[in-house]
Amino acid sequence: MPRVEDANSLPLEEYRARFLPVSLAIGSTDQPCHRIRLERSSSMSTQQFEDCFNLVASSSANAYAASSIGWSPTKKRKEMKLPDLHYLLVVNPASRSAASSVEGFLSFMVTYEDGHEVVYCYELHLAPTLQRQGVGMHLMSLMEHAGSRTGVEKSMLTVFVENEAALRFYEKLGYTKDDYSPEPRTLRNGTVKMPTYTILSKSLQE
């Protein structure tokens, strides 16, 4: 079976055992400041899904609306429930309510992009209290670890051009503009239309 299909057919626990490190925690093993839970779009609770959606809406709805992609809550919810999506949920172990403990997440999929086997980062969102603490970098490293163990060629993601902080973050992690990223288009009247997003990638092959 091809590696993409093989990875996506695995039960959740087998997927974690084969492709992710033994410990997903952020912080020391004895006293993790946050736990990471691996879920599929189909295994998350309703509250977990809503927490993730609300993080996307609160941090990115305006950027989506201003872009060529546009913002549609219905379409975003549908995308977030794609069957092969995996989620790395950031959970605060001090939270008393498991139903409202998701404070950040990264969603990713092992898939094909322009004929290449890749791991694609769909979303990375963190509550303000988690930002600039290395959490995003940790989640990215877990995703890249999974992609490397799966044997795919590269890691990919899409970022809005106006999100300069995100661009700097991904560039720091070694991401560069992908060959399939959209280029400026010249319209019939001579106007140059600049893309509102760019596609970045990073090789996972040594």
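These exercises walk through a predicted model, each with a worked solution.

**Exercise 1. Describe the largest pocket: how much space lies in it, and which residues lie nearest its centre?**

Step 1. Take the volume. About 1,300 Å³ of space lies in this pocket.

Step 2. Go to the lining. It is made up of 40 residues. Leu124, His125, Asn163, Ala166 and Tyr170 lie nearest the centre.

Step 3. Assign the lining to elements. Those that give two or more residues include helix 3 (46-66), strand 5 (116-126), helix 5 (135-150) and helix 6 (164-172). Strand 5 has the largest share, with seven residues.

Step 4. Sort the lining by type. There are 21 nonpolar, eleven polar and eight charged residues.

**Exercise 2. Compare the expected span of helix 5 with the distance between its end C-alpha atoms.**

Step 1. Helix 5 has 16 residues. At 1.5 Å a residue, the expected span is 22 Å.

Step 2. The end C-alpha atoms are 23 Å apart, so the two values agree.

Step 3. Look at burial along the helix. Among the buried residues of helix 5 are Val135, Leu139, Met140, Leu142, Met143 and Ala146.

Step 4. Look just past the end of the helix. There Gly151 takes a positive phi of about 100°.

**Exercise 3. Find the largest nonpolar core: how many residues does it have, and which element gives the most to it?**

Step 1. Start from a general tendency. In soluble globular proteins, nonpolar side chains tend to be buried together.

Step 2. Count the core. The largest one has 37 residues. Those with the most contacts inside it are Tyr15, Leu88, Leu106, Leu139, Met140 and Tyr170.

Step 3. Name the main contributor. Helix 5 gives the most, with six residues.

Step 4. Follow one member outward. Beyond its neighbours within four places in sequence, Met140 is in contact with residues including Leu106, Cys121, Leu157, Phe169 and Tyr170.

Step 5. Check for another core. A second, separate one has 18 residues, including Leu55, Leu89, Val91 and Phe160.

**Exercise 4. Are Asn8 and Ala61 buried or exposed?**

Step 1. Use the cut-off: buried means under 20% relative accessible area.

Step 2. Place Asn8. This residue lies in helix 1 (residues 3-9). Its relative accessible area is 14%, so Asn8 is buried. Leaving aside neighbours within four places in sequence, Asn8 is in contact with Arg40, Asp84, His86 and Val110.

Step 3. Place Ala61. This residue lies in helix 3. Its relative accessible area is 13%, so Ala61 is also buried. With neighbours within four places in sequence set aside, Ala61 is in contact with Val56 and Trp71.

Methods:
Residues numbered from 1 in each chain as written. Predicted model: local features only at pLDDT ≥ 70, side-chain atom pairs only at ≥ 80, totals over all residues. Heavy atoms only, no water. 1 Å grid on protein atoms, 1.4 Å probe; cavity = no way out; pocket = protein on both sides within 12 Å on 5 of 7 lines; lining within 4 Å. Points joined across faces, edges and corners; volume = space filled by probe spheres on them. Helix = DSSP H or I, 4+ residues; strand = E, 2+ residues; numbered from the N terminus. Nonpolar A, V, L, I, M, F, W, Y, C, P; charged D, E, K, R; others polar. Buried < 20%, exposed > 50% of the residue type's maximum accessible area, 1.4 Å probe, protein only. Contact = heavy atoms within 4.5 Å. Expected span 1.5 Å × (residues − 1). Core = buried A, V, L, I, M, F, W, Y, C linked by side-chain atoms within 4.5 Å.
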